[in-house]
Amino acid sequence: MDGRAFRQSLGEFATGVAVVTARGKGGELVGMTMSSFNSVSVDPPLVLFSVDRKALSLPAMQEAKGFAVNVLARQQENVSNQFARALANKWDQVKTSVGHAEAPLISGALAHFECEPYASYDGGDHVIFVVRVVRHTVHSDAPAPLIFFRGRYRDLVDETEREPTWPLPIHY
């Protein structure tokens with residue numbers, strides 16, 4: 001399979017953008033931008049994210065006692081870019097507070113999910129982290145989410161809100 005074409009096809013699925021942060025075993029702060037964040041379960045409250053096996057932060061993430069999933073707001077594109085760069089000073093001019101297991105909570109995020117390790121799985125060239133949410137906070141004062149689609153940041157064009165018809169048959 002052509003890897004580039006596969007990635008391009010995956011880019012057709014619009015996602016929000018999150019920065020997952022943690023404090024490594026040695027006390028170092030780690031964080032990385034990702035769009036591979038998803039809900040797993042409500043009972044128990046589980047979410048997942050995946051990390052490339054080549055990521056320099058992977059060992060620290062695997063040793064972390066806790067994580068923060070920081071769901072970015074539209075005006076945080078610069079934060080997304082900053083945490084997407086390997087070996088950059090990711091924490092420069094980023095305001096944080098301390099969350100569960102000393103994982104940094106990025107100020108201005110739409111939502112924070114403070115988590116503890118639950119399970120990890122082989123995901124091919126990635127490691128899949130399933131984490132248990134111990135606290136969550138929504139900051140609905142931000143105007144819009146940061147959206148990623150077709151390899152680019154996007155804005156919501158039509159912000160008309162519509163109620164879905166539940167239950168959707170795809171969930172059952």
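This report describes aromatic ring pairs and one surface pocket in a predicted model.

**Aromatic pairs**

The structure contains six aromatic pairs. A pair of aromatic rings is characterised by the distance between the centres and the angle between the planes. Two of the pairs are set out below.

| Pair | Distance of centres | Angle of planes | Class |
|---|---|---|---|
| F49 and F67 | 5.4 Å | 70° | edge-to-face |
| F148 and Y153 | 5.7 Å | 70° | edge-to-face |

The F49 and F67 pair is edge-to-face because its planes stand at 70°, and an angle over 60 degrees places a pair in that class. This pair connects distant parts of the chain: F49 belongs to strand β5 (residues 46-52) and F67 to strand β6 (residues 67-71), with their positions 18 residues apart in numbering. Both F49 and F67 are buried. Ring pairs also join F49 and F67 with F129 in a cluster.

In the pair of F148 and Y153, F148 is partly exposed, at 30% relative accessibility. Y153 is likewise partly exposed, its relative accessible area being 23%.

**The second largest pocket**

The second largest pocket has a volume of about 160 Å³. Its lining is formed by F37, N38, S39, V40, S41, V42, P45, L46, V47, F113 and V133. Two elements, β4 (37-41) and β5, each give two or more residues to this lining. Strand β4 provides the largest share, with five residues. By residue class, the lining of the second largest pocket comprises eight nonpolar and three polar residues, and no charged ones.

Notes
Residues are numbered from 1 along each chain as its sequence is written. This is a predicted model: local features need pLDDT of at least 70, side-chain atom pairs count only at pLDDT 80 or more; totals for chains, interfaces and linings use all residues. Side-chain values use heavy atoms; hydrogens and water are left out. Rings of Phe, Tyr and Trp (its six-membered ring) pair if their centres lie within 6.5 Å; planes under 30 degrees apart count as stacked, over 60 as edge-to-face and the rest as tilted. Helices (H or I, at least four residues) and strands (E, at least two) are DSSP runs, numbered from the N terminus. Buried means under 20% relative accessible area, exposed over 50%, partly exposed in between (1.4 Å probe, protein chains only). On a 1 Å grid over the protein atoms alone, a cavity is a set of points where a 1.4 Å probe fits but cannot get out, and a pocket is an open set with protein on both sides within 12 Å along at least five of seven lines; lining residues have an atom within 4 Å of a point. Grid points are joined across faces, edges and corners, and a volume is the space filled by probe spheres set on the points. Ala, Val, Leu, Ile, Met, Phe, Trp, Tyr, Cys and Pro count as nonpolar, Asp, Glu, Lys and Arg as charged, and the others, Gly among them, as polar.
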